[in-house]
Amino acid sequence: MATAAQAKAETGTHVDVLIVGAGISGIGSAYHLQEQCPDKSYVILEMKETFGGTWETHKYPGVRSDSDLYTFGYRFKPWVGAPIASADEILKYMGEVIEENAIDQHIRYGHRINSCSWSSEDNLWTVRATRQSDGADVTFTCNFLWMCQGYYNHETPYVPDWPGMDNYKGRFVHAQLWDPEMDYTGKRVLVIGSGATAATVIPAFAEKAEHVTMLQRSPTYFFCSENKNELADRLREIGIDEPTIHRVVRAQIMYDQDAMTKRCQTEPDAVFEELKALIRHYAGEDFEFEPHFTPKYRVWQQRLAFCPEGDVFKAAVEGKLTVVTDTIDTFTEKGVRTSSGEEIEADIIVAATGFRLSVLGDIPFEVDGKAVDWHDTINYRGMMFTGVPNLLWVFGYFRASWTLRVDMLGDFVCKLLNHMDELGAKRVDVALREEDKDMEILPWIEEDNFNPNYLMRDLDKLPRRGNKPEWRHNQDYWAEREQIPAIDLDAEEFVYDGMRRANVVETREAG
Ligand SMILES: Cc1cc2nc3c(=O)[nH]c(=O)nc-3n(C[C@H](O)[C@H](O)[C@H](O)COP(=O)(O)OP(=O)(O)OC[C@H]3O[C@@H](n4cnc5c(N)ncnc54)[C@H](O)[C@@H]3O)c2cc1C
């Protein structure tokens, strides 16, 4: 529950902690702060008029998770439904978390942050925002910034600059900007793209459209399964309480995913054969995988597209979906002409071409009057940055549920804030150690490990990394769940008020 100190925080005043964004990361972070640092005052600034972030922005037909909600849900709030959930179900779940924990009173909706400036003299962040209701400029100061703004621009999606787009006379829309009022009954719909969004939207379109065509540049891996968890259903049947079911089912899913991830690396061909067998279960033994369903990259280098009940493949075998693997030569009046000369006619073209990366919300940051270029910084375990004090960035997992990292970093921030209080420290930095002097500095993304296009397109906007565990963002939940709780906050890479504790501790021990 919120404490009096937390309830007091008002617009325009000072707070201990300022959380940016009321998506699933911001709400989870607020919960952990309330639980583990009950005396800290805080606000959440959110530019939208409501919570939910991703789950509020996307309104295309069929929008749903592609992770199971036992692990995408928070550790502290049991998920009680089917594993794959619609956006509405996720919003309802988040709404309950907000209400049950009185988080609402801390959220300032309709506040778009325009700048964040750190002053070393005051050991404070100044955060400037526009209040959308009246256009007023409002200023907050805080000791610690908890950046939960997600990773993409919610207003402007990524649309490639295809030739001839102006020629097209039908309706063109990016999935991220889909208007739920749009009627596609009896229409010919062309979906450009093949990732998770395309996998979600295609079966939904196929129900009412005359026909759906998916035009993909290259194929994606699909994982087909029923939308149920047998263990959860069985435990419920025998009367086990929901918190226990949540804990046990999370453990089961994470165990299975761990085994799967390892096998993807050691025996990718066998894993692909198993994925194919699951598809055949829904699409029939004769289903043809070449050329549209045989990806070029290794399984797991990008997120697997989940396909509940094999719905994409059922649409294909029922003749409602045609897949074309090709590139676009040009848009035409009636649709799109591919590089191999085929013209695909469509009444509606939906671009499922992904996101426009937004690093730290594209907010201009300054430290002591000097603009921060994130590419000049080196990241500490994908959460803090050299040269930028008192700030933590929540960037979740892609191969496992994003939210697993929200809970984990929630514990970390609270431990760090409590440690600073014990030390009486006002400022914490991460800084390279003596042993890191000659460390190779590399791009943030390890292309061999994980390489989604929207990150690869904008590598120069992202922070960089070193080749040691402390300075990498490894995207590996199963390693981090051991490493992050075990972080020694007095280790040499942490600098409090300009001093390395490691040196102080060593000197004291030597004396
Ligand atoms: C359609 C879709 C489906 C997905 N499905 C899954 C899934 O099944 N499993 C999974 O693990 N991941 C999934 N993801 C990834 C997903 O984005 C994350 O899992 C998660 O929802 C991100 O939450 P977040 O709170 O970190 O960021 P967001 O949801 O992006 O929320 C960030 C919030 O910060 C606010 N904000 C940003 N900038 C500012 C600013 N300057 N001032 C004020 N407020 C600001 C935004 O308005 C937004 O509300 C999916 C993504 C999409 C797009």
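## Fold dimensions and selected local geometry

For the 511 residues of the protein, a compact globule would have a radius of gyration near 24 Å, and the protein agrees with this because its own value is 24 Å; the radius is taken over C-alpha atoms, and the globule rule is 2.2 Å times the number of residues to the power 0.38. This is a predicted model, in which local features need pLDDT of at least 70 and side-chain atom pairs count only at pLDDT 80 or more, whereas totals for chains, interfaces and linings use all residues. Residues are numbered from 1 along each chain as its sequence is written, and side-chain values use heavy atoms, with hydrogens and water left out.

Along its principal axes, the C-alpha trace spans about 75 × 55 × 50 Å. The protein holds 14 helices and 26 strands, both being DSSP runs numbered from the N terminus (H or I, at least four residues, for helices; E, at least two, for strands). Of the 511 residues, 55% count as buried, a term that stands for under 20% relative accessible area, with exposed meaning over 50% and partly exposed in between (1.4 Å probe, protein chains only). Among contacts between residues at least 6 apart in sequence, 71% join residues at least 24 apart, where contact means heavy atoms within 4.5 Å. The protein exposes about 21,700 Å², of which carbon and sulfur atoms supply 47%.

His 111 belongs to strand 4, residues 111–119, and counts as buried because its relative accessibility is 5%. A polar atom of the His 111 side chain lies 2.8 Å from the backbone oxygen of Tyr 109. The C-alpha atoms of His 111 and Val 20 are separated by 9.8 Å, although the two residues are 91 apart along the chain.

Asn 229 sits in the loop between strand 10 (222–225) and helix 7 (230–237), and it counts as buried because its relative accessibility is 10%. At the start of helix 7, a side-chain oxygen of Asn 229 reaches to within 3.0 Å of the backbone nitrogen of Leu 231, and the side chain of Asn 229 also reaches the backbone nitrogen of Ala 232 at 2.8 Å. A further polar contact, at 3.1 Å, joins the side chains of Asn 229 and Gln 252; such a contact is a pair of N or O atoms within 3.5 Å, where within protein one must be able to donate a hydrogen and the other to accept it, and residues adjacent in sequence count only if both atoms are side-chain atoms. Leaving aside residues up to four places away in sequence, Asn 229 touches Tyr 70, Pro 83, Val 249, Gln 252 and Ile 253. Helix 7 is followed by Gly 239, whose phi is positive, near 90 degrees.

Most residues other than glycine have a negative phi, and most peptide bonds are trans. The peptide bond from Glu 290 to Pro 291 is cis, with omega near 0 degrees, and Pro 291 has its place in the loop between helix 9 (268–283) and strand 11 (305–308). Two residues with positive phi that are not glycine are set out below.

| Residue | Phi | Loop between | Relative accessible area |
|---|---|---|---|
| Asp 362 | about 55 degrees | strand 16 (348–351) and strand 17 (365–367) | 43%, partly exposed |
| Gln 475 | about 55 degrees | strand 24 (464–465) and helix 13 (477–483) | 7%, buried |

Technical notes
Areas by Shrake-Rupley, 256 points an atom, 1.4 Å probe, with all protein chains shown as cover.
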